[in-house]
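Please consider the following structure and the way its parts are held together. The explanation below leads from a single buried position to the cores, the metal site and the charged pairs.

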Amino acid sequence: MTTPSLTTSLLRGVARKCPRCGVGGLFAGYLKRVETCPHCGESFEGVDADDGPAWLTIGLVAHIIVPLLIFLESRELLSYPAEMAVLLGATIVSSLTLLPLCKGLFLAAVWSIAAKKTG
Ligand SMILES: [Zn+2]
């Protein structure tokens, strides 16, 4: 099987799929990476994302929450406790949604770099 392009691999990673075949799942749970692809058998041993996904998630969530905070503060639509509840909920939901996508992206990037080195 040929190695897909970096863009294809990254998109497959964001979709939480194997960066090589795009069919097998990349995760055994919410964030636990599989050792090998259940479809093509590609090994992901040594492919780790470390803290990259957490940093990217923090950066993306900040770009969602800060404009929301500015919007809510400028319009004065809600009371302070209600505003905090909305912001806390949005922070939790966006963080939990984006973290596995960012981890898939980083795993695919690391896998793609390693695949290029080995051919
Ligand atoms: Zn695969």
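Ser94 is located in helix 3 of this model, which is a predicted one. The residue counts as buried because its relative accessibility is 10%, under the 20% limit for that class. Beyond its neighbours within four places in sequence, Ser94 makes contact with Val61, Ile64 and Ile65. Of these partners, Val61 and Ile65 are among the buried residues of helix 2, a group that also holds Gly52, Pro53, Thr57 and Leu72. Helix 3, spanning 80-118, is included in what covers the buried residues of helix 2.

Helix 2 itself has 24 residues. From its first C-alpha to its last it reaches 35 Å, close to the 34 Å expected at 1.5 Å a residue. An α-helix has 3.6 residues a turn, so residues three or four places apart point the same way. With that in mind, the reader may follow Thr57, Val61 and Ile65, which are buried in helix 2. Glu76 comes after helix 2 and has a positive phi, near 50°. Glu76 is not a glycine, and its place is in the loop between helix 2 and helix 3. With a relative accessible area of 66%, Glu76 is exposed.

Most residues other than glycine have a negative phi, and most peptide bonds are trans. Asp50 likewise deserves attention in this respect: its phi is positive, near 50°, and it is a residue other than glycine. Asp50 belongs to the loop between helix 1 and helix 2, and its relative accessible area of 70% makes it exposed.

The loop between helix 1 and helix 2 also contains Val47. In contrast to the exposed Asp50, Val47 is buried, with a relative accessible area of 6%. Apart from neighbours within four places in sequence, Val47 is in contact with Arg33, Leu107, Val110 and Trp111. Val47 is one of the twelve residues of the largest nonpolar core, whose members also include Leu26, Phe27, Val34, Phe44, Leu107, Trp111 and Ala115. A second core, separate from this one, has five residues, among them Val61, Leu72, Leu87 and Leu98. The C-alpha atoms of Val47 and Ala28 are 15 Å apart, with their positions 19 residues apart along the chain.

Trp111 also appears among the contacts of Ser9. Ser9 is found in helix 1 and is buried, its relative accessible area being 0%. Not counting residues up to four places away in sequence, Ser9 touches Pro4, Pro19, Ala108, Trp111 and Ser112.

Which residues bind the zinc ion? Its protein donors are the SG atoms of Cys18, Cys21, Cys37 and Cys40, which lie 2.2 to 2.4 Å from the ion. The angles among the four donor atoms are 107 to 115°, and the site is tetrahedral. Along the sequence, the donor residues follow the spacing C-x2-C-x15-C-x2-C. Cys21 and Cys37 both lie in the loop between helix 1 (6-14) and helix 2 (52-75), so the pair ties together parts that are 16 residues apart in sequence. Both of these cysteines are buried. Cys18, Cys21 and Cys37 are, moreover, members of the largest nonpolar core.

Charged side chains provide further links. Side chains of opposite charge can pair when their charged atoms come close. How many salt bridges does the structure hold? There are two salt bridges. One joins Arg20 to Glu42, with the closest N and O atoms 2.9 Å apart. Arg20 and Glu42 both lie in the loop between helix 1 and helix 2, and the pair links distant parts of the chain, 22 residues apart. Both Arg20 and Glu42 are buried.

The other salt bridge is formed by the side chains of Asp48 and Arg33, at 3.3 Å from N to O. This pair too links distant parts of the chain, for Asp48 and Arg33 are 15 residues apart in the loop between helix 1 and helix 2. The two partners are found in unlike surroundings: Asp48 counts as partly exposed at 41% relative accessibility, whereas Arg33 is buried, with a relative accessible area of 14%. Arg33 is also one of the residues in contact with Val47, a member of the largest nonpolar core.

Conventions. Residues are numbered from 1 along each chain as its sequence is written. This is a predicted model: local features need pLDDT of at least 70, side-chain atom pairs count only at pLDDT 80 or more; totals for chains, interfaces and linings use all residues. Side-chain values use heavy atoms; hydrogens and water are left out. Donors are N, O and S atoms within 2.8 Å of the metal (3.2 Å for Na, K and Ca); water is not among the atoms, so sites may look incomplete. Four donors count as tetrahedral if all angles lie between 85 and 135 degrees; four count as square planar and six as octahedral if opposite donors are over 155 degrees apart and all others between 65 and 115; anything else is irregular. Helices (H or I, at least four residues) and strands (E, at least two) are DSSP runs, numbered from the N terminus. Buried means under 20% relative accessible area, exposed over 50%, partly exposed in between (1.4 Å probe, protein chains only). A salt bridge is a side-chain nitrogen of Lys or Arg within 4 Å of a carboxyl oxygen of Asp or Glu. The expected span of a helix is 1.5 Å times one less than its number of residues. Contact means heavy atoms within 4.5 Å. A nonpolar core is a set of buried Ala, Val, Leu, Ile, Met, Phe, Trp, Tyr and Cys residues joined through side-chain atoms within 4.5 Å.
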